[in-house]
Amino acid sequence: MAHEYDVVIVGGGPGGYVAAIRASQLGLKTAIVEKEKLGGICLHKGCIPTKALLRSAEVYHQTKNSMDYGIISNEVSINFSKVQERKSEIVQNLYKGVQFLMKKGKIDVYEGIGRILGPSIFSPIPGTISVEMNDGSENEILIPKNVIIATGSRPKTLPGLEIDGKYVLSSDEALTLEKLPKSLLIVGGGVIGVEWASMMSDFGVEVTIV
């Protein structure tokens, strides 16, 4: 079945859902296509969970070194499962908030992979979007007057350092660690690399940046 929209946004991260909210406010019939969860990388695998972990690391580091401030605290330790639990609660609460905003703005959300079609017998109009639904149901066909592509980012791999989720991790896997490693080598000294280095160092992990 085909659905017509003033604007369809491919990608439900901060770029996508904010654009959808604004389009809805302007009176446009709007839809979002998102293959995973609304909120995108930033909410689920980037900014938000990382900042939650950073805060826990900061509190641990300050408490452990509280003598510098004239405060005595004995036997400071980390319950890392509780750290992860706090992070997940923060993410889940914000995720519910984004879902509420979509309902409030009457924005249709299609959970699946969206493909922009060129002119063909399968595409009523060039720019039509076919959505391969996550639940396995029949593809949805969206006919937009305008398309916004907001597909976000993904971790980059390096030859010879394929991600195995055990010894070689991307930030995605690092966010779900069940326990802290004794040491960590971070490839890349940009914002994300230094942020992770700071966090892990505060948690007491021996960190090297390349």
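## A first look

Is Glu132 buried, partly exposed or exposed? Glu132 counts as partly exposed, because its relative accessibility is 37%. Keep in mind that you are looking at a predicted model. With that said, let us walk through it, starting with the partner of Glu132.

## A salt bridge between two strands

Glu132 sits in strand β4, which covers residues 129-133. Its side chain meets the side chain of Arg115 in a salt bridge, with N and O 2.8 Å apart. Arg115 belongs to strand β3 (residues 108-116), and the two residues are 17 residues apart, so the pair links distant parts of the chain. Arg115 is partly exposed as well, because its relative accessibility is 43%.

Why might such residues pair up? Side chains of opposite charge can pair when their charged atoms come close. The structure holds seven salt bridges, and the next section visits two more of them.

## Lys45 and its two partners

Try finding Lys45 in the loop between α2 (40-44) and α3. The side chain of Lys45 meets that of Glu36 in a salt bridge, at 3.4 Å from N to O. Lys45 also forms a salt bridge with Asp172, where the closest N and O atoms are 4.0 Å apart. Taken together, Glu36, Lys45 and Asp172 are linked in a network of salt bridges.

The link from Lys45 to Asp172 spans distant parts of the chain: Asp172 is in helix α5, 127 residues apart from Lys45. How accessible are the residues of this network? Lys45 is partly exposed, with a relative accessible area of 28%. Glu36 is partly exposed too, at 45% relative accessibility.

## Two nonpolar cores

Now turn to the inside. In soluble globular proteins, nonpolar side chains tend to be buried together. Here the largest nonpolar core has 15 residues. Those with the most contacts inside this core are Leu53, Phe80, Val83, Trp196, Met199, Met200 and Phe203. Three helices each supply at least two of the core residues: α3 (47-64), α4 (80-104) and α6 (191-202). Which helix gives the most to this core? That is α6, with four residues.

Trp196 is a good residue to click on. Leaving aside its neighbours within four places in sequence, Trp196 is in contact with Thr50, Leu53, Ser171, Ala174, Leu175 and Ile186. There is also a second, separate core of 13 residues, which includes Tyr17, Val91, Tyr95 and Met102.

## Nonpolar residues on the surface

Some nonpolar residues lie on the outside. Leu158, Leu161, Leu185, Val187 and Val210 make a nonpolar surface patch of about 450 Å². One of them, Leu161, lies in the loop between β5 (140-149) and α5 (171-174). Leu161 counts as partly exposed, because its relative accessibility is 39%.

## Ser24 and Lys35

Is Ser24 buried or exposed? Ser24 is buried, because its relative accessible area is 19% and the cut-off for buried is under 20%. Ser24 lies in helix α1 (residues 14-25). Not counting residues up to four places away in sequence, Ser24 touches Thr30, Gly105 and Ile107.

Lys35 is found in the loop between β2 (30-34) and α2. Lys35 is partly exposed, with a relative accessible area of 46%. Outside the residues up to four places away in sequence, Lys35 touches Gly112, Ile113 and Asn134. Compare Met102, a residue of the second core: the C-alpha atoms of Lys35 and Met102 are separated by 16 Å, and the two are 67 residues apart along the chain.

## Cysteines and backbone angles

How many disulfides does the structure hold? The count is zero. Cys42 is partly exposed at 22% relative accessibility, and Cys47 is partly exposed at 37%.

Finally, look at the backbone. Most residues other than glycine have a negative phi. Glu75 has a positive phi of about 55° although it is not a glycine. Lys106 likewise has a positive phi of about 55° without being a glycine. Glu75 lies in the loop between α3 and α4, while Lys106 has its place in the loop between α4 and β3. Glu75 is exposed, with a relative accessible area of 79%, and Lys106 counts as exposed at 74%.

Key. Residues numbered from 1 in each chain as written. Predicted model: local features only at pLDDT ≥ 70, side-chain atom pairs only at ≥ 80, totals over all residues. Heavy atoms only, no water. Core = buried A, V, L, I, M, F, W, Y, C linked by side-chain atoms within 4.5 Å. Buried < 20%, exposed > 50% of the residue type's maximum accessible area, 1.4 Å probe, protein only. Contact = heavy atoms within 4.5 Å. Patch = residues over 30% accessible without salt bridge, like charges linked within 9 Å, V, L, I, M, F, W, Y side chains within 5 Å. Areas by Shrake-Rupley, 256 points an atom, 1.4 Å probe, with all protein chains shown as cover. Disulfide = S-S within 2.5 Å.
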